[in-house]
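Student: Could you pick one part of this model and take me through it slowly? I'd like to see how the pieces around it fit together.

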Amino acid sequence: MDLTIFLQLIISGLLIGFVFSLIAVGLSLIWGVMDILNFAHGEFLMLAMFTSFFLFAQLGIDPLYSLPIVVIVLYFIGAGTYRFVIKPLLGYTVLIALLATFGLSILIRNLVLFFVGPNYRVINESILAGKTFSIGGLYFSVPQSVAALLCILVTYGIYLLLTKSKFGRALRATSLDKDTAMLMGINTNRIFEITFGIGAACVGVAGGLLVNFYAVFPEVGLNFTVLAFVIVALGGFGNNGGAFLAGILVGLVTTMGGFFIGPEYKYTLVFLLYLVVITIRPKGLFGW
Amino acid sequence: MLKVKGISVRYDIIPVLEDVSFSVQEGQFVAIVGSNGAGKSTILRTISGLVHPFQGSIDFLDEPIQAAKPYEIVAKGISHVPEGRRIFDKMTIRENLLIGAHTKDNQAEVRNTLQEMFELFPILKERQNKKGETLSGGERQQLAIARGLMAKPKLLMLDEPSLGLSPILSKKVIQACEEIRRSGTTILMVEQKVTEILKLVDQGYVLQRGKIIREGKGSELLASDTIRKAYLGL
Ligand SMILES: Nc1ncnc2c1ncn2[C@@H]1O[C@H](COP(=O)(O)OP(=O)(O)O)[C@@H](O)[C@H]1O
Ligand SMILES: [Mg+2]
């Protein structure tokens with residue numbers, strides 16, 4: 001087989017993989033601190049994409065410029081979800097909060113469907129959309145490359161925040177032992193709220209960039225929720241670094257599988273990989 | 001300094017503390033002794049705001065704190081070294097200590113306190129970059145106490161600090177507590193090991209099934225026949 005095509009596939013896989021990674025890290029972050037899987041994660045992504053899309057279509061703000069707005073909007077959607085949906089349910093088993101995020105995902109999806117309809121929307125002309133550049137005979141999509149680059153940067157930023165800042169230390173302490181963290185004077189409620197906000201802001205970044213090369217529609221989040229779950233499980237639940245690596249792996253598998261076996265099977269392969277890994281290594285590829 | 005007045009606490013509907021009253025004066029070393037399940041930890045958890053009493057009040061420095069949040073209570077100057085140490089195993093010893101100073105914003109002061117802790121517990125300095133999980137039982141207790149002191153508390157509360165330690169190590173821990181008290185920190189300790197602790201303290205309380213049944217100077221309690229026979233089993 002042609003080496004160029006192979007390299008081209010690797011590049012595409014990596015580029016989308018970094019976006020998957022950031023989405024999964026957002027999910028993993030919330031799981032790691034609260035043991036709650038946010039089923040509305042994909043819907044948050046969809047909201048990010050629609051926010052970006054309408055800022056572009058209605059107000060003419062390029063997705064690249066509206067990215068900070070989208071991220072802030074998503075932060076507040078996440079923090080608000082914690083405050084008004086999760087927190088009131090914390091006295092019960094975690095399952096209740098988890099089901100609440102499931103309900104929220106259906107609600108968001110249907111509200112969007114109701115207000116904007118089921119149509120696919122695409123941004124064809126923006127600063128990034130539709131452009132490519134080439135290096136040594138290999139083609140790079142500009143929006144995908146920028147998305148990948150920013151997703152790597154944001155993931156690294158989150159890594160620094162977690163490991164080097166006072167907030168990150170408090171967050172890790174809270175996730176290790178909530179009661180003791182409270183005894184240390186940490187306002188764990190605030191940690192939870194900010195973590196939910198940051199988790200959602202991650203999909204804000206991803207969604208605001210995806211919109212340059214991915215169609216927007218009310219059900220776009222479904223796939224991403226499932227993919228993010230699989231990635232987090234592959235990476236080892238609560239292991240943010242593992243989620244990052246697993247995201248890249250899933251990017252490669254979908255792209256390679258889509259090419260060699262057929263686009264209709266690309267997710268099947270991901271789930272197959274998931275089944276195999278989870279059977280052999282229940283704690284994920286990178287969990288110990 | 002601390003006045004606990006008639007608090008009653010339930011877990012769901014099960015009463016755990018009934019009408020418990022006691023007080024701690026500034027500079028004192030006070031102990032509450034009682035057997036397993038008497039409600040000792042619950043008293044400390046209630047003072048810390050992890051549990052709220054449905055009756056009674058708790059005043060600290062003349063302010064009511066029975067409805068305050070745990071982080072507000074730490075900021076007011078109460079540190080709680082929990083039962084079983086509860087070290088953050090996956091974090092370094094240094095990080096564990098810094099988390100103890102979470103409520104402190106003055107970084108220069110935090111660094112000073114850190115040095116003080118390293119002087120008080122040299123082993124922690126040596127191991128500062130190792131994970132908490134690498135420490136032995138005695139070292140974990142030293143870390144737990146040092147972490148509690150990082151907040152520069154006015155009142156340090158200790159929950160069975162010698163539990164699970166060899167007699168030599170528990171003696172060391174108790175000595176460290178005396179040193180801490182001498183340096184001006186008020187101490188409230190709850191313990192099962194009655195004899196060792198009552199010898200040292202200014203004021204002691206005996207807790208039995210959620211009720212304070214005796215109080216007095218530590219030495220008096222130890223000397224009292226009823227306590228020795230009926231309760232302490234000596
Ligand atoms: N979270 C809880 N839920 C229900 N009961 C509890 C809980 N914690 C403690 N208890 C009960 O309260 C009583 C007092 O416990 P505790 O305060 O831990 O006693 P001590 O520290 O003196 O051993 C015990 O009977 C214990 O079983
Ligand atoms: Mg106890």
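Tutor: Sure, and one term first: a helix here is a DSSP run of H or I with at least four residues, a strand is a run of E with at least two, and both are numbered from the N terminus. Keep in mind that what you're looking at is a predicted model.

Let's start at Q128(B), which sits in the loop that joins helix 5 to helix 6 in chain B. Is Q128(B) buried or exposed? With 15% relative accessibility, Q128(B) counts as buried, because the cut-off for buried is under 20%. Who are its partners? If you skip the neighbours within four places in sequence, Q128(B) touches T92(B), I93(B), R94(B) and F118(B).

One of those partners, I93(B), takes us to helix 3 of chain B, where I93(B) is among the buried residues. That helix is mostly covered, with 7 of its 8 residues buried. Besides I93(B), the buried ones are E95(B), N96(B), L97(B), L98(B), I99(B) and G100(B). So what's doing the covering? From chain B, the cover includes helix 4 (107–120), helix 5 (122–126) and helix 6 (137–149). Chain A joins in too, with helix 5 (142–164) and helix 6 (166–176).

Now step back along chain B into the loop between strand 6 and helix 3, where you'll find R86(B). Its phi is positive, about 50°, even though R86(B) isn't a glycine. That's worth a second look, because most residues other than glycine have a negative phi. R86(B) is partly exposed, at a relative accessible area of 33%. Chain B has another case in D12(B), whose phi is near 55°. D12(B) belongs to the loop between strand 1 (2–11) and strand 2 (14–24), and D12(B) is exposed, with 76% relative accessible area.

Back in the loop that holds R86(B), there's also E83(B), which helps to hold the magnesium ion (ligand 2). What coordinates that ion? The donors are OG of S41(B) and OE of E83(B), at 2.0 to 2.4 Å. These two residues come from distant parts of the chain, 42 residues apart, with S41(B) in helix 1 (residues 40–47) of chain B. S41(B) counts as buried because its relative accessibility is 18%, while E83(B), at 33%, counts as partly exposed.

Since chain A supplies some of the cover for helix 3 of chain B, let's finish over there. T188(A) is in helix 8 of chain A, and T188(A) is buried because its relative accessibility is 6%. Leaving out neighbours within four places in sequence, T188(A) contacts T174(A), K178(A), A181(A) and M182(A).

Helix 8 (residues 188–210) also packs against helix 1 (residues 3–34) of chain A, at an angle of about 170° and with axes 9 Å apart. Helix 1 and helix 8 of chain A are therefore roughly antiparallel. The crossing of helix 1 past helix 8 of chain A is left-handed. By class, this contact has 17 nonpolar, 3 polar and no charged residues. Among the residues that meet there are I16(A), L22(A) and M34(A) from helix 1, and F192(A), G199(A) and L210(A) from helix 8.

Note on methods:
Residues numbered from 1 in each chain as written. Chains lettered and ligands numbered in written order. Predicted model: local features only at pLDDT ≥ 70, side-chain atom pairs only at ≥ 80, totals over all residues. Heavy atoms only, no water. Axes fitted to C-alpha atoms, helices over the stretch in contact; angles between N-to-C directions. Parallel < 35°, antiparallel > 145°, perpendicular 65-115°, else oblique. Left-handed = near helix turned anticlockwise from the far one by under 90°. Contact = heavy atoms within 4.5 Å. Nonpolar A, V, L, I, M, F, W, Y, C, P; charged D, E, K, R; others polar. Donors = N, O, S within 2.8 Å, 3.2 Å for Na, K, Ca; no water. Buried < 20%, exposed > 50% of the residue type's maximum accessible area, 1.4 Å probe, protein only.
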